[in-house]
Structure formats: structure tokens, C-alpha cells
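Good morning, colleagues. I should like to take you through one model, beginning with its ligand and then turning to the elements of the fold.

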Amino acid sequence: MSITEAFYVTKSSALSSDLPSLNLVEQTLHLRKTSKVLLPIALRSEQRALWQDEHDVVLRRMLSSAAWAPFHKQAHSQHCDGELDAPMPWRFHVVGPDACTQLIGYLESRAGESADAKWSRAWQSKVKEMVSACGVLVQATWLPEPLGEGASTDQAPEFDHKNIEHVAAASSAVQSLLLAAQANQWLSYWSSGGILRDEEVFDYMGISRNEKLLGSVFLSPEAHPAARIIEGGLREQRGDVTGWVRWV
Ligand SMILES: Cc1cc2nc3c(=O)[nH]c(=O)nc-3n(C[C@H](O)[C@H](O)[C@H](O)COP(=O)(O)O)c2cc1C
């Protein structure tokens with residue numbers, strides 16, 4: 001079975017039988033799913049070779065489509081006075097194919113040189129196989145309102161209405177990216193990030209510590225034949241809409 005065929009096969013027979021009655025957008029919504037792709041790092045160069053110039057073109061289209069996600073409040077000016085100055089309360093930092101290869105090297109060297117257990121734990125985790133397997137990694141952040149004078153730098157953002165709306169808007173941009181990936185038959189995986197949310201990794205990637213990671217999004221136009229693909233653990237738990245929709 002080709003990747004493309006596998007992409008459209010779902011374990012849920014109910015979903016399969018629903019599909020023909022849905023329009024294209026609805027089908028894409030139903031078919032979007034988590035595909036956690038894992039590949040031994042020894043095969044990274046083979047995976048890298050699967051990335052074609054045309055994938056750059058498709059990726060740019062997907063990113064510009066994600067810009068059309070709704071947002072209610074402009075990001076604070078603190079987040080708009082640098083290279084990235086858009087008013088939306090999110091930023092996408094694209095770790096391209098070569099940067100992904102370098103990231104594996106960075107994580108390995110930090111694990112080797114650092115006494116800090118977080119790096120060796122990270123190196124033992126699946127993150128290196130996830131980075132090895134992907135086409136690109138998108139570090140999606142949301143942009144919190146600055147804390148007041150005297151707040152310490154490691155203090156969590158306030159859980160106020162404005163920040164909630166910033167997270168909501170940024171989440172809709174991430175979901176739009178996932179849907180655009182699905183529409184192009186790319187595999188996608190929204191991860192919490194693990195070590196990729198660490199401030200030192202932010203520094204390495206040139207991401208401001210004022211931004212907060214919303215997700216590390218792994219995108220793969222093509223999976224290596226040796227890759228292992230794991231579905232989302234909650235995929236089949238949704239049940240019927242009657243479990244979460246009521247009419248008032
Ligand atoms: C904010 C967010 C963070 C997530 N983080 C992880 C993660 O760290 N590890 C993981 O296995 N799945 C993660 N997921 C994916 C969920 O496991 C997945 O969406 C869920 O199992 C439902 O599967 P589906 O996406 O295929 O429908 C995350 C999803 C979201 C929305």
C-alpha cells in the first residue's frame with residue numbers, strides 16, 4: 001500500500017462510510033489525523049533526500065493559508081518590533097530539512113557535554129526519531145501579553161481573557177496548517193514538544209523567550225519506507241457528537 005493509499009485508509013468504518021456524503025473541506029476535517037512518524041537517525045540522510053524543491057513550494061502555500069486563521073486581538077507591540085512584525089498573536093518558526101538534521105546533532109552534543117539530566121533524558125526520548133523522520137518541523141508559538149513590572153522571567157503568563165484569545169487564535173492557525181497538510185496528503189503530528197519547548201532550544205533556534213510554544217508540528221510529505229507510524233492515542237475516543245453537543 002502506498003503512503004497515499006494508507007493516508008486515506010481509516011480504521012473507523014463509520015468514518016469511511018460517511019466520507020462520500022461530505023464535501024471536500026468536511027472530508028479533509030475528518031481525514032486529518034495524528035501520524036507520529038519515527039525513523040532511526042542512521043536513516044536521516046535518506047529521509048532528507050526525499051525532500052524535493054516542490055515540497056518547499058507546497059509548504060509556503062500551506063503557511064500562507066494558515067495565516068487566514070481568525071484572530072481577535074493584535075499581539076503586543078513587544079512581539080512586533082523585530083524581524084517578525086505581523087499583528088497575529090502567533091509565530092511559526094520553520095525548521096527546514098537541513099536544520100532538522102543539524103538539530104539532531106545539537107541534541108546529541110548537548111546530551112554528551114551537559115551534566116544536566118534534561119538533555120540525556122531528551123536524547124533517550126523519541127524526539128530524535130521524530131526529527132529524523134520529518135520533512136520539516138514547525139515550532140508554533142503564541143505571543144503572551146507581557147507581565148507587569150517586576151515580574152520574574154520564568155513566571156507563567158496570566159490566564160486572562162486576552163491571553164486566552166491569543167492561544168485560541170494561535171491554535172486555529174495550527175489547525176489550519178494541519179488541514180492544509182492533510183489537503184496535500186502530508187503526514188502531520190502536533191506534539192507538545194518535550195525538549196523542543198526548552199528555552200535553550202529556543203535560543204538555539206533564534207526564537208524569543210517571550211514567545212510560548214503551542215506545539216511542535218512535524219510535517220512529512222513522504223515517509224521513509226522504514227519509518228514507524230503511530231496514531232494519536234485518543235483518535236478513536238471521540239464517540240458520537242451527542243457526547244459533546246447539545247442544542248439549547
Ligand atoms: C495541543 C496538543 C498537544 C499534543 N501533544 C501531543 C504529544 O505531545 N504527544 C502525542 O502523542 N500526541 C500529542 N497530541 C496529539 C493527540 O494525541 C491527538 O490529537 C489525539 O490522540 C487524537 O488523535 P487525532 O489527532 O489523530 O485525531 C497533541 C495534540 C494537541 C492538540
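**The ligand and its surroundings**

Around the ligand we find Lys 33, Thr 34, Lys 36, Trp 190, Ser 191, Ser 192, Gly 215, Glu 231, Gly 232, Gly 233, Leu 234 and Arg 235. Please bear in mind that this is a predicted model. How does the shell around the ligand divide into nonpolar, polar and charged residues? There are 2 nonpolar, 6 polar and 4 charged residues in that shell.

**The strands**

Let me turn to the strands. Strand S5, residues 212-220, is mostly covered, with 8 of its 9 residues buried. Strand S4, residues 187-191, is also mostly covered, and here 4 of the 5 residues are buried.

How are S4 and S5 joined? They run antiparallel and share 5 bridges. Within this pairing, Leu 187 has Ser 220 in S5 as its bridge partner.

S5 is joined to S3 as well, by 7 bridges, and that pair too runs antiparallel. In that pairing Ala 140 is matched with Gly 215 of S5. Gly 215 also belongs to the residues that surround the ligand. As a general point, side chains in a regular strand alternate between the two faces of the sheet.

**Helix H5**

I now come to helix H5, residues 53-66. Does its length agree with expectation or depart from it? At 1.5 Å a residue, its 14 residues should span 20 Å, and the end C-alpha atoms are 21 Å apart, so the two values agree.

Which residues of H5 are buried? They are Leu 59, Met 62 and Ala 66. These residues cover an arc of only 60° around the axis, and therefore lie on the same side of H5. The general background is that an α-helix has 3.6 residues a turn, so residues three or four places apart point the same way. On the other side of H5, the exposed residues are Asp 53, Glu 54, Val 57, Arg 60 and Ser 64. The cover over the buried residues of H5 includes strand S3, residues 136-142, and helix H9, residues 161-183.

**Three individual residues**

Helix H9 also contains Ser 172. Is this residue buried or partly exposed? Ser 172 counts as partly exposed, because 16 other C-beta atoms lie within 10 Å, whereas a buried residue needs 20 or more. The C-alpha atoms of Ser 172 and Ala 69 are 5.8 Å apart, although 103 residues separate the two along the chain. Setting aside neighbours within four places in sequence, Ser 172 is in contact with Ala 69 and Pro 70.

Beyond H9, the loop leading to S4 holds Gln 185. Most residues other than glycine have a negative phi. Gln 185 is not a glycine, yet its phi is positive, at about 60°. With 14 C-beta neighbours inside 10 Å, Gln 185 is classed as partly exposed.

The last residue is Leu 22, in the loop between helix H2, residues 13-18, and helix H3, residues 24-31. Leu 22 is partly exposed, since 14 other C-beta atoms lie within 10 Å. Apart from neighbours within four places in sequence, its contacts are Gln 27 and His 30.

Thank you for your attention.

How values were computed:
Residues are numbered from 1 along each chain as its sequence is written. This is a predicted model: local features need pLDDT of at least 70, side-chain atom pairs count only at pLDDT 80 or more; totals for chains, interfaces and linings use all residues. A residue is buried if 20 or more other C-beta atoms lie within 10 Å of its own, exposed if 12 or fewer, and partly exposed in between; C-beta atoms are placed from the backbone. Helices (H or I, at least four residues) and strands (E, at least two) are DSSP runs, numbered from the N terminus. Two strands pair if DSSP finds at least two bridges between them. A residue is near a molecule or strand if its C-beta atom, placed from the backbone, lies within 6 Å of it. Ala, Val, Leu, Ile, Met, Phe, Trp, Tyr, Cys and Pro count as nonpolar, Asp, Glu, Lys and Arg as charged, and the others, Gly among them, as polar. The expected span of a helix is 1.5 Å times one less than its number of residues. The arc is that of the directions from the helix axis to the C-beta atoms. Two residues are in contact if their C-beta atoms, placed from the backbone, lie within 7 Å.
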